[in-house]
Amino acid sequence: MYSSPARIFNAVILFSFVLFTNQKYAPDWNSLDKRSLPLWYDESKVGIFIHWGVFSVPSIESEWMWWAWKGDNPNPETVAFMEKNYPADWTYADFAREFRAEFFDPNEWADILGASGAKYVVLTSKHHEGFTLWPSKYSFSWNAMDVGPKRDLVGDLAGAIRARTNLTFGLYHSLYEWFNPLYLEDKKNQFKTQYFPSMKILPELVELVETYKPAVIWSDGDWEAPDTYWNSTEFLAWLYNESPVKDVVVVNDRWGFGVPCQHGDFYTCSDRYNPGHLVTHKWENCFTIDKVSWGFRRPAKLEDYMSIKELLQEIVTTVSTGGNVLINVGPTAYGKIAPIYEERLRQMGSWLKVNGEAIYNSVPWKYQNDTVNSNVWYTASKDGQYVYASLLVWPNSTTEIKLGAPVTSSGTTITLLGSDVDAIQWRPASYDGGIIIDVSNIKIYSLASDWVWVFKLENVRGYKPFMESKANDEN
């Protein structure tokens with residue numbers, strides 16, 4: 001049983017969230033799961049994740065630095081670093097004063113993000129440390145207006161994104177906070193009390209939605225307690241029925257243990273989720289350009305960052321199998337997107353400018369990975385007129401590229417995006433199907449793309465194995 005104060009507060013929350021709605025969606029997963037995914041999200045394919053907060057000041061471990069220092073099982077290296085470099089009475093709260101964001105120019109960020117070719121952006125409004133990047137009424141003296149930057153970072157970036165780009169604005173929000181006394185009290189009570197979600201999290205989420213109108217609510221920090229503790233379904237029913245973003249908002253699947261990969265507008269399942277095969281429910285691969293951390297790290301080495309080839313491979317394989325990508329950068333405490341991140345984003349933008357038709361608005365084809373060439377991944381146009389074959393590695397020992405999946409017809413044509421060659425020569429690979437593409441007249445150095453090359457195939461169909469074809473003919 002939940003405590004009496006929690007029951008009273010929850011009754012108010014439920015009354016606000018449910019009884020005043022038109023009840024198109026009820027506060028249960030069976031009803032919520034029937035909601036159609038807003039079309040903009042699937043068509044966008046590419047988003048940018050931004051992890052920014054007080055953790056950007058020490059920037060030695062990751063965004064989990066406070067937990068590594070003061071959590072249940074402290075990291076000896078983190079503890080030693082703090083003992084060597086900071087006074088004995090230094091607390092994590094002291095870092096907040098140094099989170100000044102003095103060089104933060106939201107217009108500059110918006111221009112970099114706009115040049116990336118991404119279609120949406122998700123900013124960490126609050127990570128597990130509990131520090132809010134907006135002046136929340138529910139985070140007194142632990143927010144970016146009261147301490148540190150002394151400004152509304154969420155509002156400043158949202159305004160710049162909407163004024164200077166076509167990107168859709170979204171927000172990440174952590175449900176739990178490592179050291180919040182209310183949360184620790186509920187945890188001690190085995191989550192049979194709900195002081196923390198009732199007095200902090202639910203009002204905070206409503207405040208975020210009503211103030212900034214994000215089209216993405218990217219929830220996290222849910223895994224220690226069930227969704228019934230967080231009152232997740234009640235919040236989502238309000239979000240879908242009554243909120244100012246009810247028609248456009250999308251949410252992920254992190255709303256309580258047992259929920260990921262089961263419920264939500266799109267699944268994330270786990271960080272860096274990329275199953276390599278078709279997933280029918282919409283999903284998202286969130287990954288970091290810094291392979292080690294989501295937040296900025298001062299000790300990072302060049303080899304810790306994804307190359308543009310690695311980044312594009314992640315995009316191609318994800319979109320081919322039905323997913324979106326959410327690509328993370330970690331700005332500095334002083335408010336700059338580091339040059340290594342900016343370079344990757346601009347490189348990605350230049351590639352998408354040439355090859356975006358194989359990504360945006362595309363759908364998975366009958367085959368995702370080619371049947372004989374593992375370096376080729378497919379997407380298709382929604383009307384089925386075109387198939388796009390993305391080649392991860394250009395051959396250096398032959399002038400022919402063999403594809404096993406497509407079956408040609410007399411009307412088949414092949415072009416290479418970014419090439420000035422009107423039509424590329426090809427021939428059937430065999431009687432049963434497949435294509436051999438002749439690239440002898442393509443000079444790779446003259447192409448508009450330096451990485452991952454996309455062949456556009458028209459009037460082809462998916463190869464059917466002999467036994468499948470025979471069975472279909474007999475039926």
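Which residues of helix 12 are buried? They are Ser 232, Thr 233, Glu 234, Phe 235, Leu 236, Ala 237, Trp 238, Leu 239, Tyr 240 and Asn 241. The model described here is predicted.

**A buried helix**

Helix 12 covers residues 232–241, and 10 of its 10 residues are buried, so this helix is largely enclosed by the rest of the structure.

**A strand with two faces**

Strand 10, made of residues 400–403, has two faces. Ile 401 and Leu 403 form the covered face, while Glu 400 and Lys 402 form the uncovered one. Strand 10 is joined by 4 bridges to strand 14, which consists of residues 435–438. These two strands run antiparallel. Ile 401, on the covered face of strand 10, has Ile 437 of strand 14 as its bridge partner.

**Salt bridges**

Side chains of opposite charge can pair when their charged atoms come close. Across the whole structure, a search finds 25 salt bridges. Three of them are listed in the table.

| Salt bridge | Closest N to O distance |
|---|---|
| Asp 42 and Lys 282 | 2.8 Å |
| Asp 271 and Arg 254 | 2.9 Å |
| Arg 297 and Asp 304 | 3.0 Å |

The salt bridge of Asp 42 with Lys 282 has an N to O distance of 2.8 Å. Asp 42 belongs to helix 3 (residues 39–44), and Lys 282 to the loop between strand 5 (250–251) and strand 6 (283–288), so the pair ties together parts that are 240 residues apart in sequence. Both Asp 42 and Lys 282 are buried.

The loop between strand 5 and strand 6 also holds both members of another pair, Asp 271 and Arg 254, which are 17 residues apart. In this salt bridge the closest N and O atoms are 2.9 Å apart. Is Asp 271 buried or partly exposed? Asp 271 counts as partly exposed because its relative accessibility is 35%. Arg 254 has a relative accessibility of 7% and therefore counts as buried. The cut-off behind these labels is that buried means under 20% relative accessible area.

By that cut-off, Arg 297 counts as buried at 8% relative accessibility. Asp 304, its salt-bridge partner, is buried too, with a relative accessible area of 17%.

Salt bridges can also join into a network, as they do for Lys 126, Glu 177, Lys 200 and Glu 204.

Technical notes
Residues are numbered from 1 along each chain as its sequence is written. This is a predicted model: local features need pLDDT of at least 70, side-chain atom pairs count only at pLDDT 80 or more; totals for chains, interfaces and linings use all residues. Side-chain values use heavy atoms; hydrogens and water are left out. Buried means under 20% relative accessible area, exposed over 50%, partly exposed in between (1.4 Å probe, protein chains only). Two strands pair if DSSP finds at least two bridges between them. A salt bridge is a side-chain nitrogen of Lys or Arg within 4 Å of a carboxyl oxygen of Asp or Glu.
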